[in-house]
Amino acid sequence: MELVSGCYEQVLFGFAVRPAENWTAVPDFTHHAHTASLSAVAVNNRYVVTGSRDETIQIYDMKKKTEYGALLQHNGTVTCLEFYGNVHLLSGAEDGLIYIWNTKKWECLKSIKAHKGHVTSLSIHPSGKLALSVGTDKTLRTWNLVEGRSAFIKNLKQNAHIIKWSPSGEKYVVVISNKMDVYKLDTASIIGTISAEKRISSVRFITDSVLAIAGDDEVVRLYNCESQKCLCEFKAHENRIKDIYSFEREGQQVMVTASSDGYIKMWSLDLNKIQDAPSLLCEVNTKARLTCLAVWLDRASEIKENCDKAETSSCANEDEQPLITRKRKVCWSDTSDKSTKVEKHVTPKKQKLGGAQQKKKKNLQS
């Protein structure tokens, strides 16, 4: 497995983790493909993609350890990226657009004018048929991904900056500043609210009922999603936590945190003793101001990401059931003149990712 994390210093870090060797994490690569700070990262079983304030999406082939290319459609900071299985990627940006990509050929299947302001967050339902997005126009929007159209619009009192489905897809959470509302899908109503002392920066479902929340402080808090009660809290870093990731490996629940203090830390969670603080498995110091985090898991090694449980069956049939039924080689903007084509723009790059020891110093200085 590989810890991948972006930072303000425009660098993508890669650390190879060896669970069989007491969870040793060793530097694997650093890459300086962006010309501005990284804002988002996402993974599937082959690729790592990163979004940046430089308005580009960079693609990395983790099987071959090469830089695959770049997607240049967005005009504005790329704010959110999410894969669905191995065939589709959704991207959102400050241009208000959501693009849907086929990752086999890296074709743009659909361009959606999603929000009047920025797209701040998006989340794909485990079935792959729906997606949610929030933006700076104070709306929460539901998207029918089968037909590629808007299904529902809900007005919010304030701008939300995080939206997230639960693994089962039966509920979702919406974060506005330091408050998180828990919604039930079948009624689209709020069933509870969790409040934090400071702004919430990251949310991760550990299970369908246990939620990890981090914010502009050093503490991670675990909540029961049904009762909204705090189950556990512990100091994880010396500075604010920017992102949380989690997965399951051979029955062991693992949580990963990245902070502005430069550290990436891996924690072991015992769900049977959830009230106890998790134990630290390993940590690495990047000496950079981290912004985003993901863990690339080699599916061939039978490591299973916990939040992919609900989509396992649909991933197996995703070639027969694509998100968008009509595949096109050009992108159409829903609000633009239909005579104007936006060509598929993947800039191919096949250069090797730099070795950590050789490139790290150069990349951080440039």
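**Salt bridges, a four-stranded sheet and a buried asparagine**

At 14% relative accessibility, R221 falls below the 20% cut-off and therefore counts as buried. This arginine belongs to a predicted model, and its side chain offers a convenient way into the salt bridges described here. The side chain of R221 meets that of E233 in a salt bridge, with an N to O distance of 3.4 Å. The two residues sit in distant parts of the chain, R221 in strand β22 and E233 in strand β23, and 12 residues separate them in sequence. E233 has a relative accessible area of 48% and is partly exposed, whereas R221 is buried.

Strand β22 also borders the loop that takes part in another of these pairs. K171 and E226 meet through their side chains in a salt bridge of 3.0 Å, N to O. K171 lies in strand β17 (residues 171-176), while E226 is in the loop between β22 (219-224) and β23 (230-235), so this salt bridge ties together parts that are 55 residues apart in sequence. Here, too, the partners can be set side by side: K171 is buried, with a relative accessible area of 6%, and E226 is partly exposed at 45%.

How many salt bridges does the model contain? The count comes to 15. Among the residues involved, E2, D28 and K65 are linked in a network of salt bridges.

A further pair is found where two strands of a sheet meet. The side chains of E147 and R149 form a salt bridge with an N to O distance of 2.5 Å. E147 is partly exposed, at 45% relative accessibility, and R149 is likewise partly exposed, with a value of 40%. R149 is in strand β15 (residues 149-155), which pairs in the antiparallel sense with strand β14 (residues 139-144) over 6 bridges. One of the residues in this pairing is T142, whose bridge partner in β15 is F152. Strands β14 and β15 form a hairpin with 4 residues between them, and G148 in the turn has a positive phi of about 70°.

The hairpin is part of a wider arrangement. Strands of a sheet pair through backbone hydrogen bonds, either parallel or antiparallel. In this case an open sheet of 4 strands runs in the order β12-β13-β14-β15, with antiparallel pairing. Its edge strands are β12 (119-124) and β15, each of which pairs on one side only. From one strand to the next, the twist averages 20°.

Finally, a loop elsewhere in the chain holds a residue worth a look. N44 is located in the loop between β4 (38-43) and β5 (47-52). Is this loop residue buried or exposed? N44 counts as buried, because its relative accessibility of 5% is under 20%. A polar atom of the N44 side chain lies 2.9 Å from the backbone nitrogen of R46. Leaving aside residues up to four places away in sequence, N44 touches F83, G85, N86, T103 and W296. The picture of N44 thus combines a position in a loop, a side-chain approach to the backbone of R46 and contacts with residues such as F83 and W296.

Definitions and conventions:
Residues numbered from 1 in each chain as written. Predicted model: local features only at pLDDT ≥ 70, side-chain atom pairs only at ≥ 80, totals over all residues. Heavy atoms only, no water. Pairing = 2+ DSSP bridges. Buried < 20%, exposed > 50% of the residue type's maximum accessible area, 1.4 Å probe, protein only. Polar contact = N/O pair within 3.5 Å; in protein donor to acceptor, adjacent residues only side chain to side chain. Contact = heavy atoms within 4.5 Å. Axes fitted to C-alpha atoms, helices over the stretch in contact; angles between N-to-C directions.
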